[in-house]
Amino acid sequence: MRHAPCDGRVFQKKRLSQDEERLRQAAANLGEILRYLLEYILYRLGLTTRPPAALELPVPDEREQTKRAVLHARHDMLAVLVDKDSCRDLLKEYARAAEQKRRKVIVDWYADHQPVRQAAEQRMERLRDVWQPPASVLKATKASITAHKRRGDLQAALKALEQDRSRGEIVPHPLPNSHRPSGLLSP
């Protein structure tokens with residue numbers, strides 16, 4: 001098996017990125033030196049009363065600044081966690097935010113799945129009517145549904161019920177309290 005010859009482009013890109021990083025660091029150092037010189041000159045001329053801030057070389061790059069910010073945030077969080085009252089308040093705030101997020105997810109899910117949910121509820125109602133036909137169903141239809149149920153032919157029982165429904169108005173059974181959907185889950 002032959003390997004493709006290495007043309008050095010990968011190494012050039014890596015070298016360029018390292019060179020760019022060095023150039024950026026050198027520019028930051030030069031900027032820090034110029035800042036210090038300008039502040040020193042202004043202080044020596046008496047144009048400012050504040051002495052120049054100490055020279056910080058090498059200037060921290062973006063990664064170092066991000067690392068310092070993370071360490072500072074971590075220190076602040078540890079200070080909060082050590083204090084019992086502030087920790088309790090922080091946990092309550094996180095719990096409230098999580099509960100709001102959970103509620104939004106539930107409401108969004110119900111909004112997104114409303115047609116599917118309604119279709120499933122209608123199918124459940126039809127199955128409930130096959131299980132125990134309403135009083136308004138004709139006796140012949142009830143007998144037909146019972147015969148289909150005994151044979152295990154659910155589709156034929158549903159079809160007989162639908163034919164009876166198309167002839168007249170059927171009043172569906174009220175849901176027992178144990179089968180009613182919870183008011184907390186409905187949007």
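## Salt bridges

In this predicted model, the count comes to 11 salt bridges, a salt bridge being a side-chain nitrogen of Lys or Arg within 4 Å of a carboxyl oxygen of Asp or Glu. One of them joins the side chains of E21 and R24, with an N to O distance of 2.6 Å. Both residues lie in helix α1 (residues 9–44), where E21 and R24 are three residues apart, about one turn of the helix. E21 is partly exposed, with a relative accessible area of 21%; on this scale, buried means under 20% relative accessible area, exposed means over 50%, and partly exposed lies in between (1.4 Å probe, protein chains only).

Helix α3 (residues 84–112) holds further pairs of this kind, including E99 with R103, whose closest N and O atoms are 3.3 Å apart. E99 and R103 are four residues apart in helix α3 and are therefore separated by about one helical turn. Of this pair, E99 is partly exposed at a relative accessible area of 29%, whereas R103 counts as exposed at 53%. D108 likewise forms a salt bridge with K104, the closest N and O atoms being 2.7 Å apart, and these two are also four residues apart in helix α3, about one helical turn. Here K104 is exposed, with a relative accessible area of 53%, while D108 counts as partly exposed at 32%. Elsewhere, E32, R35 and E39 are joined into one network by salt bridges that share partners.

## How α2 meets α3

Two packed helices are described by the angle between their axes and the distance between the axes. Helix α2 (residues 62–82) packs against helix α3 at an angle of about 110°, with the axes 5 Å apart. The axes are lines fitted to C-alpha atoms, for helices over the stretch in contact, and angles run from 0 to 180 degrees between N-to-C directions. The two helices are therefore roughly perpendicular to each other, since angles of 65 to 115 degrees count as such, while those under 35 count as roughly parallel, those over 145 as roughly antiparallel and the rest as oblique.

On the α2 side, M77, V80, L81 and V82 meet K84, S86, C87, L90 and Y94 of α3, where contact means heavy atoms within 4.5 Å. By class, this contact has seven nonpolar, one polar and one charged residues.

## Helix α6 and its cover

Helix α6 (residues 154–167) has 14 residues and reaches 20 Å from its first C-alpha to its last, close to the 20 Å expected at 1.5 Å a residue; the expected span is 1.5 Å times one less than the number of residues. Which residues of α6 are buried? They are A156, A157, L158, A160, L161 and D164, and what covers them includes α4 (114–131) and α5 (139–151).

## The chain as a whole

The protein chain has six helices and zero strands, both being DSSP runs numbered from the N terminus (helices H or I, at least four residues; strands E, at least two). Buried residues make up 14% of its 187 residues. Among contacts between residues at least 6 apart in sequence, 53% join residues at least 24 apart.

## Basis of the values

Residues are numbered from 1 along each chain as its sequence is written, and side-chain values use heavy atoms, with hydrogens and water left out. Because the model is predicted, local features need pLDDT of at least 70 and side-chain atom pairs count only at pLDDT 80 or more, whereas totals for chains, interfaces and linings use all residues.

Note on methods
Ala, Val, Leu, Ile, Met, Phe, Trp, Tyr, Cys and Pro count as nonpolar, Asp, Glu, Lys and Arg as charged, and the others, Gly among them, as polar.
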